[in-house]
Amino acid sequence: MKLTRTAIAVAGFAAAGALLLPATASADPLTDNALLDSTCSFAQVDAALHDRAPEAAQRLDANPGIKSQVQQAWDRPIPERKAIFQQFLNNNPDARDRAQSDPRSGEFFAKAQEIADTCHSY
């Protein structure tokens with residue numbers, strides 16, 4: 001059960017981040033992206049989120065249980081974080097299609113990249 005909650009938390013955070021990053025021909029934007037691969041701490045990502053995407057930060061802050069799960073997932077080593085997210089995608093194949101077809105994906109790609117690029121400054 002805990003692994004499932006962690007996978008959902010990582011998936012939610014990483015899917016948002018994945019959508020924020022431009023797709024390339026050689027990479028899967030849902031699993032190969034700067035935010036998911038970030039070495040920033042959760043505190044740094046959270047600070048960057050508050051500064052660069054305050055509406056998203058407010059939504060996360062309004063759900064302290066989810067925020068806690070995201071933080072727990074984020075604090076895992078990057079390979080484990082990515083494996084959990086990949087497991088979520090494997091178990092929810094329609095999530096990939098929904099994420100990639102979302103009309104807001106351009107805005108998300110830009111914000112996630114911005115957070116990944118700036119989180120080390122916080």
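## A first pair to find

Which residue forms a salt bridge with R76? Look for E80: the closest N and O atoms of R76 and E80 are 2.3 Å apart. Keep in mind as you look around that this is a predicted model.

How open are these two partners? R76 counts as partly exposed, with 23% relative accessibility. E80 is partly exposed too, at 34%.

## More salt bridges

Here's the general idea: side chains of opposite charge can pair when their charged atoms come close. In this structure there are seven salt bridges.

Take D46 and K67, whose closest N and O atoms are 3.0 Å apart. D46 belongs to helix α2 and K67 to helix α4, so this salt bridge links distant parts of the chain, 21 residues apart. Are these two buried or exposed? D46 is buried because its relative accessibility is 14%, which falls under the 20% cut-off. K67 is buried as well, since its relative accessible area is 18%.

Now turn to D51 and R52, where the side chains meet in a salt bridge with an N to O distance of 3.4 Å. D51 comes out as partly exposed, at 46% relative accessibility, and R52 is also partly exposed, at 27%. This pair has company: D51, R52, K111 and E114 are linked in a network of salt bridges.

## The nonpolar cores

Next, the greasy bits. In soluble globular proteins, nonpolar side chains tend to be buried together. The largest nonpolar core here has 15 residues. If you want to click on the ones with the most contacts inside this core, try L35, V45, L49, W74, I115 and C119.

Which helices each supply at least two residues of this core? They are α2 (42-52), α3 (54-61), α4 (64-74) and α7 (105-118). The top giver is α2, with four residues. There's also a second, separate core of five residues, and L36, F88, L89 and A95 are among them.

## The cysteine link

C119 turned up in the largest core, and it has another job for your viewer. Leaving aside residues up to four places away in sequence, C119 touches S38, C40, Q44, V45 and A48. One of those, C40, is joined to C119 by a disulfide, with the sulfur atoms 1.9 Å apart. A disulfide is a covalent bond between the sulfur atoms of two cysteines. The count for this structure comes to one disulfide.

Why does this link tie together parts that are 79 residues apart in sequence? Because C40 lies in the loop between α1 (2-19) and α2, while C119 lies in the segment after α7. Both C40 and C119 are buried. For a finer detail, the angle about the S-S bond is 80°, and the link is right-handed.

## Around the rings

How many aromatic pairs does a search of the whole structure find? Zero. W74 does have a charged partner, though: R81 lies over the face of W74, at 3.9 Å from the ring centre. You've met W74 already, as one of the residues with the most contacts inside the largest nonpolar core.

Conventions
Residues numbered from 1 in each chain as written. Predicted model: local features only at pLDDT ≥ 70, side-chain atom pairs only at ≥ 80, totals over all residues. Heavy atoms only, no water. Core = buried A, V, L, I, M, F, W, Y, C linked by side-chain atoms within 4.5 Å. Buried < 20%, exposed > 50% of the residue type's maximum accessible area, 1.4 Å probe, protein only. Contact = heavy atoms within 4.5 Å. Salt bridge = Lys/Arg side-chain N within 4 Å of Asp/Glu carboxyl O. Phe/Tyr/Trp six-rings, centres within 6.5 Å; stacked < 30°, edge-to-face > 60°. Lys NZ or Arg CZ within 6 Å of the ring centre and 35° of its normal. Disulfide = S-S within 2.5 Å.
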